[in-house]
Amino acid sequence: SGLASKKVVLVGDFLQLPPIVKHQVDRRKMSDKDANEEERLVKQWLSRDIFAAVGIEATVRNGTQPEKWLKMLKQQYRMHPDISSLINKLVYAKKSTKYELKNGDPVLERGNERLDREPLKNSHVGIYDTSSVGSIPLKSESGSTYNLTHALIAVELAKKAIKSGYEEIGIISSYRAQVNLIKKIVKDSFSKNDKDAEKIIVDTVHKFQGGARDIIIFDVTTPYTNTMFDDGKEDGDDAKLINVAFSRAKEKLILLADV
């Protein structure tokens, strides 16, 4: 910024996930006062981005327009309108239609030629409800959550998508243990030289940021309340996580969840 003589333009989406801050305050080695101060400094200087620092994020969340600072790029060219409509309701147009995403012409009919194929036949957005299956989420040694039943179902849905002619399938979980488990199942489900395995990408939400696939299978993994999907904050990162996960899908968005 210091190299500019007149203007600085920053391009980004502050309603998607910020960088991960790995710094952890070690309260065993300091007083509560010093630990609280260190946490405050971490939040102020490492967790906060420039959009928050100049007040843009706060004004957008309040539904007002920071005319001086913000120019929104509203036209989206990735998702079918059914998917962008859901994202608008949850994130961009939650407080005001001023920030609603608009659909560019190329996406108006996106995926319609394969809409009647499995998985999620005849719908661009939907839920596979595992309530009746009795799946049980467990904890790994590292404390991350995994769910074997969900992992098997996610891979089966991906294999159905391949049979239907889809070339780009993404399976997303917010939990590293679940991602690792699904990757192992994918590896075991295909022979060594089978190119179909390359059509399935499995990773966390953070790793998928910036990417896109024809079909996204978002594995919620656990039905239990957790800060990952509800951090209890009006301006928390839970909505940003959902926004990133959902907006990776171009043709179909599938939620795998025990509702």
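How many nonpolar, polar and charged residues does the lining of the largest pocket have? The legends below take up this point and then turn to other close-up views of the structure, which is a predicted model.

**View 1. Lining of the largest pocket, by residue class.** The lining has 13 nonpolar, eleven polar and 14 charged residues. The volume of this pocket is about 1300 Å³. It is lined by 38 residues, and those closest to the centre of the pocket are Pro18, Pro19, Ser47, Lys233 and Asp237. Four helices each supply at least two residues of the lining: helix 1 (32–45), helix 3 (56–61), helix 7 (205–208) and helix 8 (238–246).

**View 2. The second largest pocket and the elements around it.** About 990 Å³ is the volume of the second largest pocket. Among its 35 lining residues, Gly12, Asp13, Leu70, Lys71 and Leu73 lie nearest the centre. Two or more lining residues come from each of helix 2 (50–53), helix 3, strand 1 (75–76) and helix 4 (81–92). Divided by class, the lining of the second largest pocket has 21 nonpolar, seven polar and seven charged residues. Helix 3 thus appears in both pocket views, as it gives residues to the lining of the largest pocket and to that of the second largest.

**View 3. A nonpolar surface patch that includes Ile50.** Val8, Leu10, Ile50, Val54 and Trp69 make up this patch, with an area of about 470 Å². Of these residues, Ile50 is located in helix 2, an element that also contributes to the lining of the second largest pocket. Ile50 counts as partly exposed because its relative accessibility is 40%, a value between the limits of 20% and 50%.

**View 4. Salt bridge between Glu37 and Arg40 in helix 1.** The two side chains meet with an N to O distance of 2.7 Å. Glu37 and Arg40 are three residues apart in helix 1, so about one helical turn separates them. Both partners count as partly exposed: Glu37 has a relative accessibility of 35%, and Arg40 has 41%. In the whole structure, a search finds 16 salt bridges, by the criterion used here.

**View 5. Salt bridge between Arg114 and Asp214.** The N to O distance between these side chains is 3.4 Å. Arg114 sits in the loop between strand 2 (102–103) and strand 3 (125–129), while Asp214 belongs to strand 8 (residues 213–219); the pair links distant parts of the chain, 100 residues apart. Arg114 and Asp214 are both buried.

**View 6. Salt bridge between Arg114 and Glu251.** Here the closest N and O atoms are 2.8 Å apart. Glu251 lies in strand 9 (residues 249–257) and Arg114 in the loop between strand 2 and strand 3, so this salt bridge ties together parts 137 residues apart in sequence. With 12% relative accessibility, Arg114 counts as buried, because the limit for that class is under 20%. Glu251 is buried too, with a relative accessible area of 7%.

**View 7. Network of salt bridges that includes Arg114.** Arg114, Asp214 and Glu251 belong to a network of salt bridges in which Glu168 and Lys250 are also linked. Within this network, Arg114 pairs with Asp214 at 3.4 Å, N to O, and with Glu251 at 2.8 Å between the closest N and O atoms.

Conventions. Residues are numbered from 1 along each chain as its sequence is written. This is a predicted model: local features need pLDDT of at least 70, side-chain atom pairs count only at pLDDT 80 or more; totals for chains, interfaces and linings use all residues. Side-chain values use heavy atoms; hydrogens and water are left out. On a 1 Å grid over the protein atoms alone, a cavity is a set of points where a 1.4 Å probe fits but cannot get out, and a pocket is an open set with protein on both sides within 12 Å along at least five of seven lines; lining residues have an atom within 4 Å of a point. Grid points are joined across faces, edges and corners, and a volume is the space filled by probe spheres set on the points. Ala, Val, Leu, Ile, Met, Phe, Trp, Tyr, Cys and Pro count as nonpolar, Asp, Glu, Lys and Arg as charged, and the others, Gly among them, as polar. Patches are made of residues with over 30% relative accessible area and no salt bridge: like charges are joined within 9 Å, nonpolar side chains (Val, Leu, Ile, Met, Phe, Trp, Tyr) within 5 Å. Accessible areas come from the Shrake-Rupley method with a 1.4 Å probe; for residues, only the protein chains shown count as cover. A salt bridge is a side-chain nitrogen of Lys or Arg within 4 Å of a carboxyl oxygen of Asp or Glu. Buried means under 20% relative accessible area, exposed over 50%, partly exposed in between (1.4 Å probe, protein chains only).
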